[in-house]
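Please look over the empty spaces in this protein and the surroundings of one serine residue. The sequence and the model come first, and the report follows.

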Amino acid sequence: MIPWEKLDTAKVPGSDEELRLMRRGKEFSIKLGTNELMNSRLSGSEAALATLAAKQIEKVAKPVVLIGGLGMGFTLRAALAVLGAQAKIVVSELVPSVVAWARGPMAEVFGDSLDDARVSIREIDVGEVIRAKRSAFDAILLDVDNGPEGLTRKGNDALYDASGLQVAKTALRPGGVLAVWSSGPNPEFTGRLKRAGFDVNEVNVRATGRGGGARHMIWIARKG
């Protein structure tokens, strides 16, 4: 068995927590304490976040999409694969080191996705991007923290509370979609989405994208 090697660490802005980038052979893992936040072998649910949202806006000729959280780029690469040449994708990543890892030790995982002309990377809290815009996005995809229950940074909870959902709704164009990834179900969050006026669909997906393995939750919330 090849042992895990720690490649780097990164402080989470606004938190005392520290991310660790680990490698074992060609496998990468980003960990927080004893929790594994993501693994390069498990991309199915993060990719589904993009494909499910893209399906909802497939009739939009020039979609503008905001992705909250770069991670290992699974959502970004899936979005690039299904959105047309006229799409614009903004990726907001709070931790600068995550972007550096994508261009450095994990460059093979990311391929040329960061250099795609449709993509712009912003090293900023996605909440700031959302609050600064009105009717700007056809889809907002949030893979921030562990879902609506904050794990890495308490400030992330503001994305998912009643006020945060109204701000997201304001940033969406009519018919736009808020898609949210979570490690598990959260009935309270489903209720908040509905009370915010979204048409909500909950989708269970496998972490691997295939049969077997852990199930994750994706909310597809459409603005009327």
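How many cavities of 30 Å³ or more does the structure hold? The structure holds 3 of them, where a cavity is a set of points on a 1 Å grid over the protein atoms alone at which a 1.4 Å probe fits but cannot get out, whereas a pocket is an open set with protein on both sides within 12 Å along at least five of seven lines, and lining residues have an atom within 4 Å of a point. This is a predicted model, in which local features need pLDDT of at least 70 and side-chain atom pairs count only at pLDDT 80 or more, while totals for chains, interfaces and linings use all residues. Residues are numbered from 1 along each chain as its sequence is written, and side-chain values use heavy atoms, with hydrogens and water left out.

| Space | Volume | Nonpolar lining | Polar lining | Charged lining |
|---|---|---|---|---|
| Largest pocket | about 150 Å³ | 5 residues | 5 residues | 2 residues |
| Second largest cavity | about 70 Å³ | 4 residues | 4 residues | 2 residues |

Among the residues that line the second largest cavity are Met-38, Gly-69, Leu-70 and Asp-143.

Ser-92 lies in strand E6, residues 88-92 (strands are DSSP runs of at least two residues, numbered from the N terminus). Because its relative accessibility is 2%, Ser-92 counts as buried, a term for values under 20% with a 1.4 Å probe and protein chains only. Leaving aside neighbours within four places in sequence, Ser-92 is in contact (heavy atoms within 4.5 Å) with residues including Gly-69, Leu-70 and Val-126, and its side chain reaches the backbone nitrogen of Val-126 at 3.2 Å.

How values were computed. Helices (H or I, at least four residues) and strands (E, at least two) are DSSP runs, numbered from the N terminus. Buried means under 20% relative accessible area, exposed over 50%, partly exposed in between (1.4 Å probe, protein chains only). A polar contact is a pair of N or O atoms within 3.5 Å; within protein, one must be able to donate a hydrogen and the other to accept it, and residues adjacent in sequence count only if both atoms are side-chain atoms. Grid points are joined across faces, edges and corners, and a volume is the space filled by probe spheres set on the points. Ala, Val, Leu, Ile, Met, Phe, Trp, Tyr, Cys and Pro count as nonpolar, Asp, Glu, Lys and Arg as charged, and the others, Gly among them, as polar.
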